[in-house]
Structures are given as structure tokens and as C-alpha cells.
Amino acid sequence: MKPILKLQDASKIYRQGGVKTVGIEAVNLEIYPHDFVAITGRSGCGKSTLLNILGCMDELTSGSYFFDGEDITRLKSRAGAALRNEKIGYVFQAFNLVNEISALENVCMPLGYAGVSKRERDAVAHELLARVGMAEKANKRPVNLSGGEQQRVAIARGLAGNPSILLLDEPFGALDALTRIQMQKEILRIQREEKVTMVMVTHDIDEAIYLGERIVVMSARPGEIQEIITTDKYSRMNRGSSGFAAYKKKIYSHFFQDSAEFLEEAEYMI
């Protein structure tokens, strides 16, 4: 199977006022159709930079980025925007919904930008809201919805353009613990039914394990990939299993400078 996304020796360096900051460095990553990939690491490790590169929201300093086999590294801004609008959906931690309009109208927005007729975009939006369990609240404004309900609307909006890939940037970070677990189950159901490739950034290790068929663990700085862990379904879907605990210990071991420091903290984390 050919990858839908491929980064090859990808680096992003920011320069401001003579100060050089490495976002990501020499990243090699392949993401395949229908993958669910979780990206995790400490704050400042380049998780969001990597997601922005994948979403054509930012450009590489060096290296290559292939989307469906096409090298898009040097696409002009207009072509990059067209690719983003046609093939990539985005879901953010801040729901980014417009409170002055209904949930239905929020889901319709990307379709309107794409030139879809009002009749067709209303039909698509109603269908998507039904798929995320929000059919009965289509006419409510976001301000009158709970956090979990708003995130469902945001996910429906992200799927509105029938994207090849859905990128999620800490999408459940603002939710309470119970709602967060419910939404984790919901996003897996949506991914299975929609057959869409998903890439999620999360600082929550349990969430990365539960959702990620593959987990990309990034170093603190510069933003390099330390390890890509392939999980098995039974272990990752059973939070109390020994396999789940083993994945957790393996990921945390990357976050400490030496084994003694890790062993000292391990009993509190696992």
C-alpha cells in the first residue's frame, strides 16, 4: 500500500530577530490510507509544527512532502490552499465555531467556500450532524451546546468537504475527563465508518495509546521522531491490560534523561 502522506528529511526552522528556533528536524514519516496516527511528546517538541506541515498550513525549510505521491513541497500558496480545502479537514482544541449562527450553518461554512449550492450543503450538513449524533440540535447555536456537543459539530465541519485526511490538534483538551473518554470512543467510530485517515496531536499519553494504531513519539528539542510504536488493538483498547501499561512505560521512557530518573518516577505514572 502506498502512503497518502510522506515526509522525507523534513525540517522547519523559524528565524526571528536573529534567533533560530528548530520546529522539526530531519523527520521521516509515512501515513497510510485509513491510518489513525497519534503524535505525542513534551510541550515544545514540535507536535503542532508537524501537524501544520501535514495540513499545508506551514512550509518546510528543507526536505520533501508528498501528498498522494505528488511532491507538494514547492506549491505556491494558492495551490496549497486549494489542496488544503479539497483534501484536508482540521479539528482544533478551541472549537472555532461561530456562535452567531447555528450548528448546521457552521458545518455548511467550508462547503460554501467551495462553491457548493445552498441546497446541497444543507443536505450534506444535516447528514454529517446525524452521523455525529447531533441531528436534533442542528438549529441550536454553539453557545447553547455543551463542550462535547460543540466538538461533535467541529468534527462534522471537519468532515464536510469529504477530506482524504482529518488532522486533529488536541481536540479533546478542553473537555472534562468523562466527556473526553466518550469523545475518544466516538472519534474511533467516526473514523471506522467514514474510512478517513486521521492524525491527532495529543499530550495525553493514555489518549495516544487508546486511539493510535501507530504512535509517533517526538523528542523535546529539536523536533525529531524518537520512535514510532505500532500498537495491537487488544492492548490499546483495554486500558487496564498489561500491554497498555507496557506501551505507556515505553513512551514515558523517552521523556527522561536517564534510566534512573525514569525508574524513580515510573511508579507514579503507570
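This report walks through the main pocket, helix 4 and one loop residue of a predicted model.

## The largest pocket

Let's start with the empty space. The largest pocket holds about 610 Å³. It is lined by 19 residues, and R84, N85, I88, P110 and Y113 are the ones closest to its centre.

Where does the lining come from? Helix 2 (77-87), strand 6 (88-92), helix 3 (103-113) and helix 5 (147-159) each chip in at least two residues. As for chemistry, the lining breaks down into eleven nonpolar residues, five polar and three charged.

## Helix 4

Helix 4 runs over residues 118-131, and its length checks out: 14 residues at 1.5 Å each should span 20 Å, and the end C-alpha atoms are indeed 20 Å apart.

Which residues of helix 4 are buried? They are D122, A125, L128 and L129. These residues sit on the same side of helix 4, because the arc they cover around the axis is only 135°. The buried residues pack against helix 3 and helix 5. Just past the end of helix 4, G133 has a positive phi of about 75°.

## L145 in the loop

Between helix 4 and helix 5 there's a loop, and L145 sits in it. Is L145 buried or exposed? Its relative accessibility is 8%, so L145 counts as buried, the cut-off being under 20%.

If you skip neighbours within four places in sequence, L145 touches A103, M134, K137, K140, Q150 and V153. There's also L97: L145 lies 48 residues from L97 in sequence, with 11 Å between their C-alpha atoms in space.

Technical notes. Residues are numbered from 1 along each chain as its sequence is written. This is a predicted model: local features need pLDDT of at least 70, side-chain atom pairs count only at pLDDT 80 or more; totals for chains, interfaces and linings use all residues. Side-chain values use heavy atoms; hydrogens and water are left out. On a 1 Å grid over the protein atoms alone, a cavity is a set of points where a 1.4 Å probe fits but cannot get out, and a pocket is an open set with protein on both sides within 12 Å along at least five of seven lines; lining residues have an atom within 4 Å of a point. Grid points are joined across faces, edges and corners, and a volume is the space filled by probe spheres set on the points. Helices (H or I, at least four residues) and strands (E, at least two) are DSSP runs, numbered from the N terminus. Ala, Val, Leu, Ile, Met, Phe, Trp, Tyr, Cys and Pro count as nonpolar, Asp, Glu, Lys and Arg as charged, and the others, Gly among them, as polar. The expected span of a helix is 1.5 Å times one less than its number of residues. Buried means under 20% relative accessible area, exposed over 50%, partly exposed in between (1.4 Å probe, protein chains only). The arc is that of the directions from the helix axis to the C-beta atoms. Contact means heavy atoms within 4.5 Å.
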